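This report describes the fold of one protein chain. It takes up a loop residue, the overall layout, the core, the helices and the aromatic rings.

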Amino acid sequence: MTDAAATPAASPAPRARPVNGARAFWLKELHRWHWISAGLSLAGMLLFAVTGITLNHAAQIPAEPVTVETTATLPRPLLDRLATFPAETTDPVPDAVARWAATELKAPIAGRATETTPDEIYVALTGPGADGWLTLDRTTGEAVRETTTRGWVAYLNDLHKGRDTGPVWYWFIDVFAVACIVFAVTGLTLLWLHAKNRASTWPLVGVGIVIPVVIALLFIH
């Protein structure tokens with residue numbers, strides 16, 4: 001009898017246990033939504049995390065405000081146009097006056113509410129990282145625009161707070177927040193599905209919950 005015939009046949013390798021169909025489906029879907037929400041919220045999470053630090057240390061970050069003032073004189077036809085503008089109102093200035101201000105003073109006052117008196121029209125020109133205003137003298141036509149900027153850190157901090165950022169950024173924050181919620185919930189569910197193979201999962205989750213709760217209860221007054 002040959003050696004090959006004497007050698008016992010190798011036992012077949014154990015088969016991997018088939019993955020439960022429902023579990024496999026949910027793992028696939030959760031991973032899909034986890035990476036989609038991660039991609040959508042990545043830039044926003046970095047921005048809000050960094051500006052969370054800069055806001056927390058705003059007093060330690062130096063900022064030198066820069067104020068710029070520009071003046072111009074409203075042409076007589078437009079000044080005459082203001083003669084028919086109400087003596088006291090919050091209505092925006094006439095479109096022709098707004099176009100002149102945008103051209104001559106780079107002041108975007110179209111559609112903005114005014115604080116109008118018989119002598120003067122005042123328009124606030126606030127924005128992220130900046131404050132400003134425009135005044136129009138209803139007698140002489142003198143227009144003065146003043147803008148104060150506080151630098152890029154202040155600009156980004158105001159984006160974090162949604163301060164004077166307009167409706168588009170307002171809706172972006174809402175969409176970004178939803179993406180973050182999806183990212184967090186799918187991540188938590190994936191942790192739950194894999195927890196049996198990772199003993200440290202729930203202790204770490206517990207620590208992440210307990211630390212802010214303890215700080216809030218004991219150290220915030």
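Which residue takes a positive phi just after α4? In this predicted model, the residue is Lys-106, with a phi of about 50°. Lys-106 is not a glycine, and it sits in the loop that runs between α4 and β2 (115-116). With a relative accessibility of 59%, Lys-106 counts as exposed.

A positive phi of about 50° also occurs at Asp-164, again a residue that is not a glycine. The loop in question here joins α5 and α6. Asp-164 is partly exposed, its relative accessible area being 37%.

**Overall layout**

The chain has 7 helices and 5 strands. Read from the N terminus, the order of elements is α-α-β-α-α-β-β-β-β-α-α-α. The radius of gyration is 31 Å, whereas the globule rule gives 17 Å for 221 residues, so the chain is more spread out than a compact globule. Along the principal axes, the C-alpha atoms fill a box of roughly 120 × 45 × 30 Å.

Of the 221 residues, 27% are buried. Among contacts with a separation of 6 or more, 56% are between residues 24 or more positions apart. The accessible surface amounts to about 15,300 Å², and carbon and sulfur atoms hold 66% of it.

**The largest nonpolar core**

The largest nonpolar core consists of 21 residues, and Trp-100, Ile-109, Leu-134 and Leu-136 have the most contacts inside it. Two or more residues each come from α3 (76-82), α4 (95-104), β3 (120-124) and β4 (130-137). The largest share is that of α4, with 5 residues.

Which residues of α4 are buried? They are Ala-96, Val-97, Ala-98, Trp-100 and Ala-101. Their cover includes β1 (66-73), α3, β4 and β5 (142-149). Trp-100 thus appears both among the buried residues of α4 and among the core residues with the most contacts.

Leu-134 can be followed through its contacts, leaving out residues up to four places away in sequence. Ala-101, Leu-105, Ala-107 and Ile-109 are among the residues that Leu-134 touches. Leu-134 also touches Ile-121, Tyr-122, Val-123 and Leu-125, as well as Ala-143, Val-144 and Arg-145.

Strand β4 also holds Asp-137. Asp-137 counts as partly exposed, at 26% relative accessibility. Apart from neighbours within four places in sequence, Asp-137 is in contact with Leu-79, Asp-119 and Glu-142. What separates the C-alpha atoms of Asp-137 and Thr-51 is a distance of 40 Å, and the two residues are 86 residues apart along the chain.

**The kinked helix**

Where is the kink in helix α2 centred? Helix α2 covers residues 21-56, and its kink of about 50° is centred on Ser-41. Ser-41 is itself one of the buried residues of α2. The others are Leu-27, Glu-29, Leu-30, Ser-37, Gly-44, Phe-48, Thr-51 and Thr-54. The buried residues of this helix pack against α5 (152-161) and α6 (166-194).

**Aromatic rings**

There are 7 aromatic pairs in the structure. A pair of aromatic rings is described by the distance of the centres and the angle of the planes. Two of the pairs are set out below.

| Pair | Distance of centres | Angle of planes | Geometry |
|---|---|---|---|
| Phe-25 and Trp-26 | 5.2 Å | 75° | edge-to-face |
| Tyr-170 and Trp-171 | 5.2 Å | 90° | edge-to-face |

The planes of Phe-25 and Trp-26 stand at 75°, and edge-to-face applies to angles over 60 degrees. For Tyr-170 and Trp-171 the angle is 90°, so that pair is edge-to-face too. Phe-25 counts as partly exposed, with 45% relative accessibility, whereas Trp-171 is exposed, with a relative accessible area of 54%.

Which residues form one aromatic cluster? Phe-48, Trp-169, Phe-172 and Phe-176 do. Phe-48 is also listed among the buried residues of α2, and those residues have α6 as one of their packing partners.

Definitions and conventions: Residues are numbered from 1 along each chain as its sequence is written. This is a predicted model: local features need pLDDT of at least 70, side-chain atom pairs count only at pLDDT 80 or more; totals for chains, interfaces and linings use all residues. Side-chain values use heavy atoms; hydrogens and water are left out. A nonpolar core is a set of buried Ala, Val, Leu, Ile, Met, Phe, Trp, Tyr and Cys residues joined through side-chain atoms within 4.5 Å. Buried means under 20% relative accessible area, exposed over 50%, partly exposed in between (1.4 Å probe, protein chains only). Helices (H or I, at least four residues) and strands (E, at least two) are DSSP runs, numbered from the N terminus. Contact means heavy atoms within 4.5 Å. The bend at a residue is the angle between axes fitted to the seven residues ending there and the seven starting there. The radius of gyration is taken over C-alpha atoms; the globule rule is 2.2 Å times the number of residues to the power 0.38. Accessible areas come from the Shrake-Rupley method with a 1.4 Å probe; for residues, only the protein chains shown count as cover. Rings of Phe, Tyr and Trp (its six-membered ring) pair if their centres lie within 6.5 Å; planes under 30 degrees apart count as stacked, over 60 as edge-to-face and the rest as tilted.
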